[in-house]
Amino acid sequence: MMATANRLVKQKSDISSNLLYVLVALGIDMKEAVELLQLVRNSDKDREAGVTALDLLHSAESQQPIVTFSEQLDLLLGGGVPLGKMTEFCGAPGVGKTQIW
C-alpha cells in the first residue's frame, strides 16, 4: 500500500514538472507558470478536503446579486446581476447595453 502511495506521489510530481515545461515552452513566463501550477494544486486541495457540488451550490446561492436599480431588469435577472458569474448582455444597437456596463 505504501509503495503505491509513493508511486502516485512521484507520478504527480512528474506531471507537475512536465506541465511546467510545457507552459514555459508555450511562452508563458516561468513565474506565471509556477503561479498557475500553485493555483491548480490549491484547487485539488479543495476537492480533497471534501468540497462537494452541493457545497458549491449553497455557496453560490448565498451570494447576493448586484442590484442594477432597474426594477424590471433585476426582476428578469432574479434579483440582479449574479456575483461571481459571467453575465453577457446582448441585443440590437441602441437598446442600452452600454449603460449597463
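# Briefing on a five-helix predicted model

Outside its neighbours within four places in sequence, glutamine 63 is in contact with Leu83 and Gly84. The model is predicted. Its protein chain has 5 helices and 0 strands, and the order along the sequence is α-α-α-α-α. The points below cover the chain as a whole, then the surroundings of glutamine 63, aspartate 74, phenylalanine 69 and isoleucine 28.

**The chain as a whole**
- The protein chain holds 101 residues, of which 9% are buried.
- Of the contacts between residues at least 6 apart in sequence, 10% join residues at least 24 apart.
- About 8,800 Å² of the protein chain is exposed, and 62% of this area comes from carbon and sulfur atoms.

**Glutamine 63**
- Glutamine 63 sits in the loop between α3 and α4.
- Its relative accessible area is 37%, and because this value falls between the limits of 20% and 50%, glutamine 63 counts as partly exposed.
- Glycine 84, one of the residues in contact with glutamine 63, is 21 residues away along the chain, with 8.5 Å between the two C-alpha atoms.

**Aspartate 74**
- Aspartate 74 belongs to helix α4, which covers residues 71-76.
- This residue is buried but has no salt bridge.
- Lysine 85 is the nearest side chain of opposite charge, at 15 Å from aspartate 74; a salt bridge requires the charged atoms to be within 4 Å, so this pair does not form one.
- A polar atom of the aspartate 74 side chain lies 3.3 Å from the backbone nitrogen of phenylalanine 69.
- With neighbours within four places in sequence set aside, the contacts of aspartate 74 are Ile66, Val67, Thr68, Phe69, Gly79 and Gly80.

**Phenylalanine 69**
- Phenylalanine 69 lies in the loop that runs between α3 (53-62) and α4.
- With a relative accessible area of 77%, phenylalanine 69 is exposed, because the cut-off for that class is over 50%.
- Its phi is near 65 degrees, which is a positive value in a residue other than glycine.
- Most residues other than glycine have a negative phi.
- The backbone of phenylalanine 69 thus supplies the nitrogen that lies 3.3 Å from the aspartate 74 side chain, while phenylalanine 69 as a residue is exposed and aspartate 74 is buried.

**Isoleucine 28 and a surface patch**
- Isoleucine 28 is in the loop between α1 (2-25) and α2 (30-48).
- At 31% relative accessibility, isoleucine 28 is partly exposed.
- Together with Leu19, Tyr21, Val22 and Leu26, Ile28 makes a nonpolar surface patch of about 500 Å².
- Patches take residues with over 30% relative accessible area, so isoleucine 28, at 31%, meets that requirement.

Technical notes:
Residues numbered from 1 in each chain as written. Predicted model: local features only at pLDDT ≥ 70, side-chain atom pairs only at ≥ 80, totals over all residues. Heavy atoms only, no water. Helix = DSSP H or I, 4+ residues; strand = E, 2+ residues; numbered from the N terminus. Buried < 20%, exposed > 50% of the residue type's maximum accessible area, 1.4 Å probe, protein only. Lys, Arg positive; Asp, Glu negative; His and termini not counted. Polar contact = N/O pair within 3.5 Å; in protein donor to acceptor, adjacent residues only side chain to side chain. Contact = heavy atoms within 4.5 Å. Areas by Shrake-Rupley, 256 points an atom, 1.4 Å probe, with all protein chains shown as cover. Patch = residues over 30% accessible without salt bridge, like charges linked within 9 Å, V, L, I, M, F, W, Y side chains within 5 Å.
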